[in-house]
Amino acid sequence: MNKKVLEHAYEAIGQTPIVRLSRMTRDVEGEIFAKLEYLNPGFSKKGRAARAIIEEAEANGLLSPGQTVIELTSGNMGTGLAIVCGAKGYPFVAVMSKGNSMERARMMKALGAEVILVDQAPGSIEGQVSGGDLQLVEQETQRLTVERKAFRADQFHRQGSVHAHQFGTAQEAWEQTEGNIDAFVDFVGSGGTFAGCARALKGLNSNIRCYVVEPKTAPFLAGREVSNPSHRIQGGGYNMELSFLDDRSIVEDYIQVTDEEAIRVARDLATKEGIFAGFSSGANVAAALQLLRSREIKSNILVTINDSGLKYLSTDLFDADV
């Protein structure tokens, strides 16, 4: 039986609703089912991975009572960890590039996290996080982990990132759609959402096709030339090998989305569907629309709406021309 009154906010993570994007699919054949992950506590899908990583570490004896937890983040994982760690009594340190939107840093601080901002790499564009920027954040995170004898949440390698979606997100979506899913698309950050959902969905129906979404100028995972690593789609497209994507058999193909497409579709999600979301959610829906106009005509495509547009009000996502 489900609890009617929860003891902690993190217990509300999961069981997010799904919406059919009926207005945005009027001129295509097929459906897009959008799982509203921005309705999780912390306003993003990363709350799922944060909870799973911490609880698996507790179960495995990797995390001691009161030990400091530290993680590299673009903001969403850090927000999820701030909520989970605060409730469980672990001090949390978030290490983030200055290229990410400042709403995320402010939110983590408000939730009790210590936030350490790392300067962007020379030549990086303000507000556009590149793989080089992420490397600098990684170096600082490694240094602080040793210095503070902290537990590294390590969202790019700990299996909780995958399990949260394999045993949570995908199973919920399957039940909510009564198994009417033909394809799944995901703009990849750590790869945990893609790997978890792809494993689960293909286990339920091996014919489901799973597509990795990348920035048009940085199709690294597709094995193509990276012409501009400083794209505007925050939270992914880092031009680095991902351990969660080592099984290429679960990848149907790689879809590229331009910055302009991601931004335009994010704005359309707000005005046409009442879904106020960020860059990567726009990229997911843009990729799904591409597929419905080409190789996935008449398909039912599952996407996640990753985080809230409230985290981007300092950017030009909603108040300026593309």
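At what angle do the axes of helix H7 (residues 259-273) and helix H8 (residues 279-292) cross? I opened my notebook with this one, keeping in mind that the model is predicted.

**Entry: H7 and H8**

I looked up the two axes and found that they cross at roughly 95° and come within 7 Å. Angles of 65 to 115 degrees count as roughly perpendicular, so H7 is roughly perpendicular to H8. Next I listed who meets whom. From H7 come Glu261, Ala262, Ile263, Val265, Ala266 and Leu269. On the H8 side I noted Phe279, Ser281, Gly282, Ala283, Val285, Ala286, Leu289 and Gln290. I sorted this contact by class and got 10 nonpolar, three polar and one charged residues.

**Entry: H2 and H3**

I then turned to another helix pair, H2 and helix H3 (residues 102-110), whose axes lie 9 Å apart and pack at an angle of about 10°. Because angles under 35 degrees count as roughly parallel, H2 is roughly parallel to H3. In H2, I marked Asn76, Gly78, Thr79 and Ala82 as the residues that meet Arg104, Met107 and Met108 in H3. By class, I wrote down three nonpolar, three polar and one charged for this contact.

**Entry: the largest cavity**

How many cavities of 30 Å³ or more does the structure hold? I found four. I started with the largest cavity, which has about 280 Å³ of space. I noted 27 residues in its lining, with Lys45, Lys46, Ser74, Gly189 and Gly235 nearest the centre. Helix H2 (76-88), strand S7 (183-187) and helix H6 (192-204) are the elements that give two or more residues to this lining. H6 gives the most, with three residues. Sorted by class, the lining of the largest cavity has 13 polar, nine nonpolar and five charged residues.

**Entry: the second largest cavity**

I moved on to the second largest cavity, with about 80 Å³ of space. I copied out the residues that line this cavity: Val188, Gly189, Glu214, Ala218, Phe220, Leu221, Gly237, Tyr238, Asn239, Met240 and Leu242. I counted by class here too, and the lining came to seven nonpolar, three polar and one charged residues. I underlined Gly189, which is one of the residues lining this second largest cavity and is also among those nearest the centre of the largest cavity.

**Entry: the largest pocket**

I looked up the largest pocket next and found a volume of about 400 Å³. Of the 17 residues in its lining, I noted Ile13, Gly14, Arg48, Arg51 and Glu172 as the closest to the centre. Helix H1 (46-59) and H5 are the elements that give two or more residues to the lining of this pocket. I divided that lining into seven charged, five nonpolar and five polar residues.

**Entry: salt bridges**

Which residue forms a salt bridge with Glu172? I had just met Glu172 in the pocket lining, and I found Lys35 as a partner, with the closest N and O atoms 3.0 Å apart. I placed Lys35 in strand S2 (residues 30-36) and Glu172 in helix H5 (residues 160-176). The two are 137 residues apart, so I noted that this pair links distant parts of the chain. For the whole structure, I recorded a count of 23 salt bridges.

How values were computed. Residues numbered from 1 in each chain as written. Predicted model: local features only at pLDDT ≥ 70, side-chain atom pairs only at ≥ 80, totals over all residues. Heavy atoms only, no water. 1 Å grid on protein atoms, 1.4 Å probe; cavity = no way out; pocket = protein on both sides within 12 Å on 5 of 7 lines; lining within 4 Å. Points joined across faces, edges and corners; volume = space filled by probe spheres on them. Helix = DSSP H or I, 4+ residues; strand = E, 2+ residues; numbered from the N terminus. Nonpolar A, V, L, I, M, F, W, Y, C, P; charged D, E, K, R; others polar. Axes fitted to C-alpha atoms, helices over the stretch in contact; angles between N-to-C directions. Parallel < 35°, antiparallel > 145°, perpendicular 65-115°, else oblique. Contact = heavy atoms within 4.5 Å. Salt bridge = Lys/Arg side-chain N within 4 Å of Asp/Glu carboxyl O.
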